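Some labels given to parts of a structure rest on numerical cut-offs. The questions here ask how such labels are earned.

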Amino acid sequence: MSRQRELDEEFAEFARGAAPRLLKAAWLISGDPHQAEDLVQSAMVKVYLKWSRLREGSPLAYARRCLVTTHIDTHRRTGRESAVAETPEVGSWDRSWDDTDEVVRLLATLPLRERQVVVMRHYAGLPEAHVAELLGISVGTVKSSASRGLARLRQALHPTVDAPEDVRSAEVREGNHV
């Protein structure tokens with residue numbers, strides 16, 4: 001078996017294992033199942049192109065970084081994102097995702113940075129320092145964005161509870177009066 005064929009088979013095994021998790025993270029970040037598929041495909045192409053160097057290291061971390069930076073670049077270029085997430089088509093997605101539709105809808109209400117931080121910290125389980133590096137922000141910004149994002153999600157889930165002061169003041173700064 002040729003060396004390239006071995007590398008291709010290793011990559012294919014990695015892709016089969018990593019793609020579902022990356023796809024769900026991309027969906028939670030983007031709020032759009034079609035954009036999520038595009039983000040994962042783009043990340044996988046970038047991983048494949050560097051596979052011979054990445055395979056011994058942390059290809060999943062690199063794929064996550066590609067996914068997040070591609071989403072940020074797309075958002076900067078277009079300035080658009082989905083306001084309400086669609087439920088993924090059953091054929092290409094795992095049926096267990098039906099239960100996460102409400103989560104995606106709630107995440108779509110968060111500002112982009114807060115959504116990215118909440119997904120990377122609490123879905124992907126990445127440490128604050130790693131999220132800060134991925135997004136090119138400080139650890140303090142990760143902490144405050146996670147705190148505000150989670151507070152907004154709690155408020156959306158339990159609207160009878162008053163929002164914490166830091167969320168109310170952030171909403172006033174953004175022009176979203178509580």
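What follows sets computed values against the definitions behind them.

This is a predicted model, in which local features need pLDDT of at least 70 and side-chain atom pairs count only at pLDDT 80 or more, while totals for chains, interfaces and linings use all residues. Residues are numbered from 1 along each chain as its sequence is written, and side-chain values use heavy atoms, with hydrogens and water left out.

Q: What makes the contact between Glu10 and Arg55 a salt bridge?
A: A salt bridge requires a side-chain nitrogen of Lys or Arg within 4 Å of a carboxyl oxygen of Asp or Glu. The side chains of Glu10 and Arg55 meet at 3.0 Å, N to O, so the pair satisfies that limit. Glu10 lies in helix α1 and Arg55 in the loop between α3 (51–54) and α4, 45 residues apart; helices here are DSSP runs (H or I, at least four residues), numbered from the N terminus.

Q: Why is Arg55 called buried?
A: Buried means under 20% relative accessible area, exposed over 50%, and partly exposed in between (1.4 Å probe, protein chains only). Arg55 has a relative accessible area of 19%, and is therefore buried.

Q: Why is Glu10 called partly exposed?
A: Glu10 has 30% relative accessibility, and therefore counts as partly exposed.

Q: What makes Glu9 and Arg5 a salt bridge, and how are they placed in helix α1?
A: Their side chains meet at 3.6 Å, N to O, in a salt bridge. Glu9 and Arg5 are 4 residues apart in helix α1, which means a separation of about one helical turn.

Technical notes:
Helices (H or I, at least four residues) and strands (E, at least two) are DSSP runs, numbered from the N terminus.
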